[in-house]
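Hello,

Here is the structure for you to look over. My notes follow below it.

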Protein chains: 2
Amino acid sequence: MSLRDEAAELDMRDPLAGKRAEFDVDPDLSYLDGNSLGAPPRGVAPRLAEVVGEQWGRRLIRSWDEGWWDAPERIGDRIAPLVGAAPGQVVVGDSTTVNLFKALVAGVRLNPDRPEILLDAATFPTDGYIAESAARLTGHRVRRVPVREMASAVSSRTALALVNHVDYVTGELHDLPVVTEALHSAGALAVWDLCHSAGAVPVPLDAAGVDLAVGCTYKFLNGGPGAPAFLYVARKWLDVFDQPLSGWAGHADPFGMTPSYAGGTGIRRGRTGTPDILSMLALDAALDVWDDVTIDQVRAKGLALGEFFLRCLDELVPDADVVTPRSRGNQISVRRPDAKATMGELIARGVIGDYRPPDVLRFGLAALYVRYADVLRAAEELRALR
Amino acid sequence: MSLRDEAAELDMRDPLAGKRAEFDVDPDLSYLDGNSLGAPPRGVAPRLAEVVGEQWGRRLIRSWDEGWWDAPERIGDRIAPLVGAAPGQVVVGDSTTVNLFKALVAGVRLNPDRPEILLDAATFPTDGYIAESAARLTGHRVRRVPVREMASAVSSRTALALVNHVDYVTGELHDLPVVTEALHSAGALAVWDLCHSAGAVPVPLDAAGVDLAVGCTYKFLNGGPGAPAFLYVARKWLDVFDQPLSGWAGHADPFGMTPSYAGGTGIRRGRTGTPDILSMLALDAALDVWDDVTIDQVRAKGLALGEFFLRCLDELVPDADVVTPRSRGNQISVRRPDAKATMGELIARGVIGDYRPPDVLRFGLAALYVRYADVLRAAEELRALR
């Protein structure tokens, strides 16, 4: 059977094939960049029209009492099952970067008298920038350690470690329970960055006893460009979570307008300022696509898409330098000296992935809308560019 | 002439009367809460539909290079003339609270070896919560001082003062140039919260030599519920502005993905995480209503609305306890023991203002869409509730 026939058959038999119709994706594109910006679910545009026209336009300020004010926790509870969290531990709002700051400063306060923050040496850069800033303000030192060396590097001097669940360049999936356990055995807290795993692979936050986590909603959760991030605080820490961006929206009595800060009950104290409603309710609508699928189904198809893509590369581009290891998220990365120019060419040919310095092509496999035919086409176009 | 005839004539002669048609406001409501949530400009809904359908849906990730990435500074430059700032000093993004944290920590770093932060004693609470948090992290002490005593309280121990331009409860407008000058004469920096003045009154940031400022866009700038805030950094500080939420979007080379942070050139270093595009471009559309009006025209009508409202109160509710002083923003506040219940009644009767503890009714006079008939109606309904 040719690869084309095989792709057609895989797409025909794909139990998630019907989900693609819930997204507004150009059928002529192979969109393999959902690990950077998820495609728009069709429900987002009408929801935004309703939020602007009805809730904002007709109800005006009254909408704050009619669903807006509670949206950050309500939507957090919709994300919770996708990251293995029981209700009441996830809040939505602010950017990933801002939430990393909250998690890191609060994290070192939960584990005092330990001078060191361990940082995933291959982290997405913003985590490192913010770790350095938090360390500067709290008197800690940041030490960069490859994830595979975390277990030997952690010590009684370590307050916490910040680790990326999926490496943003290579797509490697780290073993969250094993690394968390190693950190805990030395008395350190585990803070996970889920940007490239939330909505792509199962994330066992509660089961693994993760302390704090931060994730993005505009990649595999399709919330829209720059959509609000989420913050997870494990139940055991909720009462003592003492975060530095202690704004009025996280106050125990926000409309009491009292001069002193008192953090609200539960995950609400993870909030900072006025919730950004337009973006938050766009995300709310985007999450509807998860109502009838599980993260396990998405993971299974993501892995199958990856296997098929690797076979296509083996056959069509046998010298392709695949840098993604066997343990991976929903992303395949290929190293090429001319990666930046190559990606420009691929995009011109209708295969949209992206490029990360110095020389990596990334292909995201967002299983809710990516077709087997899309990954075959990516391999075919790569061959054409050899 | 009766008050009703007078209101009708004032509305007929109002040079800004035509602007109301650019907003989607229920004609049967007297909406006097634009100081809390501005009404939706009609351009927002179609713009959001275009951003979701065309920019996100069709162009996908390519839109970052086609206007999204530069939006925070481009939209900042649209707000700049409304707050008396030359281009290149205003950036949009994050919440007011998050920007206050940036401004305060960066502010004390600009003025080292001074242990004290002065805080407007009547400040909106989030400013105080964040000042305390920033002070805790940087080793400063917060001292709360009424604005009228700032000039005598500031000393060589003062790193900076954080002052609200318009008092959120009483509507009092503080003298920004005079207070700034007093702070500067003691070597302290002036950090202004413009939440209740941006879009309501002229704000002479550059002319007064203000150092840093933060403002809100969902009140008199009509950006939508929880719309992104803005941060102003005076040109003289741009090169040395060293802010704690130093995320990847403010990096000099964000897509270089380098491990160390280096703040970008100019106001861009005020950014933190990925710009929140849906909310930001909703704000962009909302700002179109300013294309053919000046802040001076809006201020003139705001004052006239206030004068007329005060006359209506004098005549219809002579015992009304107006707490707004002569120097005011675009807001009139009335103290009543039963303020919370009274506001509920007013809203049920179609007059929407709001309530602030313990006993204040607030009436916002957003001059782009509030009619003289609206403020007369508020006075009439207040009389009916006596």
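A salt bridge here is a side-chain nitrogen of Lys or Arg within 4 Å of a carboxyl oxygen of Asp or Glu. By that rule, 4 salt bridges cross the interface of chain A and chain B. Please keep in mind that this is a predicted model.

One of the bridges joins A:Arg136 to B:Asp242. Their closest N and O atoms lie 2.5 Å apart. Polar contacts also cross the interface: the rule finds 23 residue pairs, both residues at pLDDT 80 or more.

Which elements of chain A give two or more residues to the side that touches chain B? They are helices H2 (44–59), H4 (96–110), H5 (125–138) and H9 (277–286). By residue type, that side of chain A divides into 42 nonpolar, 23 polar and 12 charged.

Now the extent of the contact. Chain A puts in 77 residues, and chain B puts in 77 residues. The area buried between the two chains is about 6200 Å². Carbon and sulfur atoms give 66% of that area. Three residues are worth finding on screen: A:Trp56, A:Tyr129 and A:Pro225. They supply 13% of the area that chain A buries against chain B, more than any other three residues.

One point inside chain A. Helix H3 covers residues 71–79. Its buried residues are A:Ala71, A:Pro72, A:Glu73, A:Ile75, A:Gly76 and A:Ile79. What do they pack against in chain A? The partners are strand E2 (90–92), strand E8 (230–233) and helix H9. Helix H9 is also one of the elements on the side of chain A that touches chain B.

Best wishes

Methods
Residues are numbered from 1 along each chain as its sequence is written. Chains are lettered from A and ligands numbered from 1 in the order in which they are written. This is a predicted model: local features need pLDDT of at least 70, side-chain atom pairs count only at pLDDT 80 or more; totals for chains, interfaces and linings use all residues. Side-chain values use heavy atoms; hydrogens and water are left out. Contact means heavy atoms within 4.5 Å. Buried area is the accessible area (1.4 Å probe) that two parts lose on being put together, summed over both. A polar contact is a pair of N or O atoms within 3.5 Å; within protein, one must be able to donate a hydrogen and the other to accept it, and residues adjacent in sequence count only if both atoms are side-chain atoms. Helices (H or I, at least four residues) and strands (E, at least two) are DSSP runs, numbered from the N terminus. Ala, Val, Leu, Ile, Met, Phe, Trp, Tyr, Cys and Pro count as nonpolar, Asp, Glu, Lys and Arg as charged, and the others, Gly among them, as polar. Buried means under 20% relative accessible area, exposed over 50%, partly exposed in between (1.4 Å probe, protein chains only).
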